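Opening the notebook on a new model today. I want to look up its pockets, one helix pair and a single glycine.

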Amino acid sequence: MTSNGRMAWLARGLNAWGGLTRPLNTLQPAAALLARLYIAQVFFLSGLTKLRDWDTTVALFTDEYHVPLLPPAAAALLGTAGELVLPVLLVLGLAGRFPALGLFVVNAVAVISLSEIAPAALQQHVFWGTLLAGLAIYGGGPWSLDRWLAPTLQRVR
């Protein structure tokens, strides 16, 4: 095969690859938004459950969730606040990496704090942690308040 033949073959391969990746690239904003919405719902609903029956929540943090370094009432308050506030920021895409990292910590502490966790529940937490890590690394995507506000914030600097 001649040098021109190899280059033509390479160009066709790159064109084919581009034909595949362009549509996938257009899905990235929607994928980031869906990940934000899914994760936010999981944690927000958990926070609402804790809020509905505060006595039970504190009892769970006293007897079952053994959060290191924090008294049970403080752990219950901080965990519940995190599960209610951070998902709202995540959905809006406001300071998107901060709520993703915050929920990642809440998720990790939940796994560490449970003395026994069912394998299926652990898999869920690993999945959530992976989504949160991706959002923390890549940000909330173009469909976020961060992206919308970025030009304004850059002018203020």
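Before I count who lines what, a note to self: a pocket here is an open set of grid points with protein on both sides within 12 Å along at least five of seven lines, and a lining residue has an atom within 4 Å of a point. Helices are DSSP runs of at least four residues, numbered from the N terminus. The model is predicted.

**Entry 1: second largest pocket**

I started with the second largest pocket, which holds about 170 Å³ of space. Which helix gives the largest share of its lining? I found that it is α6, residues 145–156, with 3 residues. The full lining reads A95, G96, R97, Y138, G139, G140, G141, S144, D146, R147 and A150. Sorted by class, I get 3 nonpolar, 5 polar and 3 charged residues. Glycine is filed under polar in this scheme, and the lining includes G139, G140 and G141.

**Entry 2: largest pocket**

Next I went to the largest pocket, with a volume of about 610 Å³. I noted 31 lining residues, of which K50, F61, E83, V106 and A110 are the closest to the centre. Five elements give two or more residues each: α1 (3–52), α2 (54–63), α3 (72–92), α4 (97–113) and α5 (119–138). I checked which one gives the most, and α4 does, with 7 residues. The class split I wrote down for this lining is 17 nonpolar, 11 polar and 3 charged.

**Entry 3: α2 against α3**

Both α2 and α3 turned up in the lining of the largest pocket, and I wanted to see how they pack. Their axes are 8 Å apart, at an angle of about 120°. I logged the crossing as right-handed. Which residues meet there? From α2 I have W54, T57, V58, F61 and T62, and from α3 P72, A75, A76, L77 and T80. By class, the contact comes to 7 nonpolar and 3 polar residues, with no charged ones. F61 is on my list twice, as one of the residues closest to the centre of the largest pocket and as part of this contact.

**Entry 4: G19**

Last lookup: G19, which sits in helix α1. Is G19 buried, exposed or partly exposed? I put G19 down as partly exposed, because its relative accessibility is 39% and that class runs between 20% and 50%. I also took the C-alpha separation from G19 to A30, which are 11 residues apart along the chain, and got 19 Å.

Key
Residues numbered from 1 in each chain as written. Predicted model: local features only at pLDDT ≥ 70, side-chain atom pairs only at ≥ 80, totals over all residues. Heavy atoms only, no water. 1 Å grid on protein atoms, 1.4 Å probe; cavity = no way out; pocket = protein on both sides within 12 Å on 5 of 7 lines; lining within 4 Å. Points joined across faces, edges and corners; volume = space filled by probe spheres on them. Axes fitted to C-alpha atoms, helices over the stretch in contact; angles between N-to-C directions. Left-handed = near helix turned anticlockwise from the far one by under 90°. Contact = heavy atoms within 4.5 Å. Buried < 20%, exposed > 50% of the residue type's maximum accessible area, 1.4 Å probe, protein only.
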